[in-house]
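Visitor: I'd like to look closely at a single part of this model rather than hurry over all of it. Could you pick one and take me through it, together with whatever surrounds it?

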Amino acid sequence: MKRNQGFTLVELVIVIVILGILAVTAAPKFLNLSGDAKASTLQAVKASIESANAQVYAKAIIASKQNAATHTTANPAINLVYGYVDSTAAELTKVLDLSTTDWVIAQGVENTELSITTNDVTVRPATSNAPTNAADACVLIYKKSSGAGVKPVIDLRTAGC
């Protein structure tokens, strides 16, 4: 007689339980999709600011205002500092056109650990808390131009995303 060999039901259940335990413990380390999405969208916001700054700087050069400490463009009216977008929440809101339900654009939130002064603007997803330290920061920090020919500093902190 030919005898078929196979797995018993108990062996199959044990293997399934072990795989389930491995999946529950290992999956969160590899599937941090929410944090990766927040970090990626902040990267896109940074690129948008850089692109907007390039366009308004070109407009300032055409108007010969790239060395002016302050200047306002026409159509649309955007306040510039040395040819770049000023670091106010209102000006960044104009150039970024982000949804206020999804994003928080704030000015005057000082944080010495993150080198944020009251003159800087922070942009963060609405689902993220305001940054208190470098480990929990999921924020973009925009610092205005400090002089003629000096680009604004855009600092991206995504450790807490």
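Guide: What follows is a close look at the sheet, then at its surroundings.

This is a predicted model, in which local features need pLDDT of at least 70 and side-chain atom pairs count only at pLDDT 80 or more, while totals for chains, interfaces and linings use all residues. Residues are numbered from 1 along each chain as its sequence is written, and side-chain values use heavy atoms, with hydrogens and water left out.

Let's begin with the sheet itself. It is open and made of 4 strands in the order β4-β5-β6-β7, with antiparallel pairing. Strands here are DSSP runs of E with at least two residues, helices are runs of H or I with at least four, and both are numbered from the N terminus; two strands pair if DSSP finds at least two bridges between them. At the edges stand β4 (103-107) and β7 (153-157), each of which pairs on one side only. On average, neighbouring strands of this sheet are turned by 15 degrees against each other, direction ignored. For such angles, axes are lines fitted to C-alpha atoms (for helices, over the stretch in contact), and values run from 0 to 180 degrees between N-to-C directions.

Strand β6, residues 139-143, deserves a pause. It runs antiparallel to β7 and is joined to it by 5 bridges; I141 has D155 of β7 as its bridge partner, and K143 stands opposite V153 of β7. With β5, strand β6 pairs in the antiparallel sense over 3 bridges, and here Y142 of β6 faces V121. Of the 5 residues of β6, 4 are buried, so the strand is largely enclosed by the rest of the structure. Buried means under 20% relative accessible area, exposed means over 50%, and partly exposed is in between, using a 1.4 Å probe and protein chains only.

Now for a helix that packs on this sheet: α3, residues 89-96, touches β4, β5 (121-125) and β6, and its direction makes about 145 degrees with that of β4. Its buried residues include A89, E91, L92 and L96. Seen down the axis of α3, the buried residues fall within an arc of 160 degrees, so they line one face of the helix; the arc is that of the directions from the helix axis to the C-beta atoms. These residues pack against α2 (33-62), β2 (79-81) and β3 (84-85), as well as β4, β5 and β6, where contact means heavy atoms within 4.5 Å.

Just past α3 comes D97, in the loop between α3 and β4. D97 has a positive phi of about 55 degrees although it is not a glycine. Most residues other than glycine have a negative phi. At 66% relative accessibility, D97 counts as exposed.

Back inside, the largest nonpolar core has 22 residues, and those with the most contacts inside it are L42, V45, I49, L92, V123, L140 and Y142. Such a core is a set of buried Ala, Val, Leu, Ile, Met, Phe, Trp, Tyr and Cys residues joined through side-chain atoms within 4.5 Å. Two or more residues come from each of α2, α3, β4, β5, β6 and β7, and α2 gives the largest share, 6 residues. L42 shows how widely one residue can reach: leaving aside its neighbours within four places in sequence, its contacts include W103, V123, L140, L156 and C161. Apart from this core lies another, of 5 residues, among them L114, I116, A137 and I141.

One last stop is the 1 aromatic pair found in a search of the whole structure. The rings of Y57 and Y84 have their centres 4.5 Å apart and their planes at 10 degrees, so the pair is stacked. By the rule used, rings of Phe, Tyr and Trp (its six-membered ring) pair if their centres lie within 6.5 Å; planes under 30 degrees apart count as stacked, over 60 as edge-to-face and the rest as tilted. Y57 sits in helix α2 and Y84 in strand β3, so the pair ties together parts that are 27 residues apart in sequence. Both rings belong to buried residues: Y57 has 18% relative accessibility and Y84 has 7%.
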